[in-house]
Amino acid sequence: MLTLLQPLDGAILLWIQNVLRGALDPLVCFYTHLGDKGLFWIAACLLLLVWKPTRKAGLCGLCAMLLGLLVTNVTLKHLVARPRPWLDVAGLLPLVQEPDPNSFPSGHTCSAFAAAAAWARTLPRRWMKYTGLILAAAMGLSRLYVGVHYPSDVLAGCVIGCLCGLLACAVWNAAAEKRGL
């Protein structure tokens, strides 16, 4: 399936490289690095733990990201073993270095959407929910911009992350209901 998508995926990445890259390169590289090892999302979840109305969002976000890590980086990346796009797309130059040779699915995108989906279900204010989703989408797009993931990698990371976020919230709610909270 991924080999069928590869020509379209590669064409999109080359279009991004040839049309969109330029003045924003340092900013996008900085932002994409904030997602390394999920650090930005972990820090945001820890910050949410400080204020009681957002504590559940922080805990669910951390659980969702842990689940996403197990699904993407521990399991699927090694099972699928899809090479990074610059190895297969002629003329594509990545803006950042990635030590992991496997591309599918995007772990950065998964962690971003795992946290954002959990936050969307648990944060008390609508603007907070949308901010999380916008930041997650920006993380996924940054992975395309810097040339380290195919669009299908990012889409899979988004879907897996959202499912992990929803699952973490469902488990939390079921456990709270069982405890009578």
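Modeller: In what follows, a residue is buried when its relative accessible area is under 20%, exposed when that area is over 50%, and partly exposed in between. The structure under discussion is a predicted model.

Colleague: Is Pro83 buried, exposed or partly exposed?

Modeller: Pro83 is found in the loop between α4 (55-80) and α5 (85-88). The relative accessible area of Pro83 is 31%. Buried requires a value under 20% and exposed a value over 50%, so Pro83 is partly exposed.

Colleague: Which residues is Pro83 in contact with, leaving aside its neighbours within four places in sequence?

Modeller: Sequence separation does not by itself settle the matter, and Tyr150 may serve as an example. Pro83 and Tyr150 are 67 residues apart along the chain, and their C-alpha atoms are separated by 9.9 Å. With neighbours within four places left aside, the contacts of Pro83 are Asp88, Pro101, Ser103 and Tyr150.

Colleague: Which residue in the loop between α4 and α5 has a positive phi although it is not a glycine?

Modeller: Most residues other than glycine have a negative phi. One residue in the loop between α4 and α5 has a positive phi of about 50 degrees without being a glycine. Its relative accessible area is 40%, so it is partly exposed. The residue is Ala81.

Colleague: What is the relative accessible area of Lys37?

Modeller: Lys37 lies in the loop between α2 (25-34) and α3 (39-48). Lys37 also has a positive phi, near 55 degrees, in a residue other than glycine. Exposed means a value over 50%, and Lys37 counts as exposed because its relative accessible area is 75%.

Colleague: How much space lies in the largest pocket, and which residues are the closest to its centre?

Modeller: The space in the largest pocket is about 450 Å³. Its lining is made of 25 residues, and those closest to the centre are Asp36, Lys37, Gly38, Asn73 and His108.

Colleague: Which helix gives the largest share of the lining of the largest pocket?

Modeller: By class, the lining holds 12 polar, seven charged and six nonpolar residues. Two helices, α4 and α6 (107-122), each supply at least two residues of this lining. The largest share is seven residues, and the helix that gives it is α4.

Colleague: How far apart are the end C-alpha atoms of α6?

Modeller: The expected span of a helix is 1.5 Å times one less than its number of residues. For the 16 residues of α6 the span should therefore be 22 Å. The helix is mostly covered, with 14 of its 16 residues buried. The model agrees with the expectation, since the end C-alpha atoms of α6 are apart by 22 Å.

Colleague: What span should helix α8 have, and how far apart are its end C-alpha atoms?

Modeller: Helix α8 covers residues 151-179, which makes 29 residues. Just after α8, Gly180 takes a positive phi of about 80 degrees. At 1.5 Å a residue, α8 should span 42 Å, and the distance between its end C-alpha atoms agrees, at 42 Å.

Colleague: What is the relative accessible area of Thr54?

Modeller: Thr54 lies in the loop between α3 and α4. Leaving aside neighbours within four places in sequence, Thr54 is in contact with Leu48, Leu123, Pro124 and Met128. Buried means under 20%, and Thr54 is buried because its relative accessible area is 2%.

Colleague: Which residue does a cis peptide bond join to Phe104?

Modeller: Most peptide bonds are trans. In the loop between α5 and α6 lies Phe104, which counts as buried because its relative accessibility is 14%. The bond that follows has an omega of about -10 degrees and is cis; the residue joined to Phe104 is Pro105.

Colleague: How is the aromatic pair of Phe40 and Trp41 arranged?

Modeller: A search of the whole structure finds three aromatic pairs. In the pair of Phe40 and Trp41, the rings are 4.8 Å apart centre to centre, with 90 degrees between the planes. Planes over 60 degrees apart count as edge-to-face, so the pair of Phe40 and Trp41 is edge-to-face.

Colleague: Which of Phe40 and Trp41 is buried?

Modeller: Both Phe40 and Trp41 belong to a cluster that ring pairs link together with Tyr31 and Trp119. Phe40 has a relative accessible area of 26% and is therefore partly exposed. At 0% relative accessibility, the residue that counts as buried is Trp41.

Technical notes. Residues numbered from 1 in each chain as written. Predicted model: local features only at pLDDT ≥ 70, side-chain atom pairs only at ≥ 80, totals over all residues. Heavy atoms only, no water. Helix = DSSP H or I, 4+ residues; strand = E, 2+ residues; numbered from the N terminus. Buried < 20%, exposed > 50% of the residue type's maximum accessible area, 1.4 Å probe, protein only. Contact = heavy atoms within 4.5 Å. 1 Å grid on protein atoms, 1.4 Å probe; cavity = no way out; pocket = protein on both sides within 12 Å on 5 of 7 lines; lining within 4 Å. Points joined across faces, edges and corners; volume = space filled by probe spheres on them. Nonpolar A, V, L, I, M, F, W, Y, C, P; charged D, E, K, R; others polar. Phe/Tyr/Trp six-rings, centres within 6.5 Å; stacked < 30°, edge-to-face > 60°.
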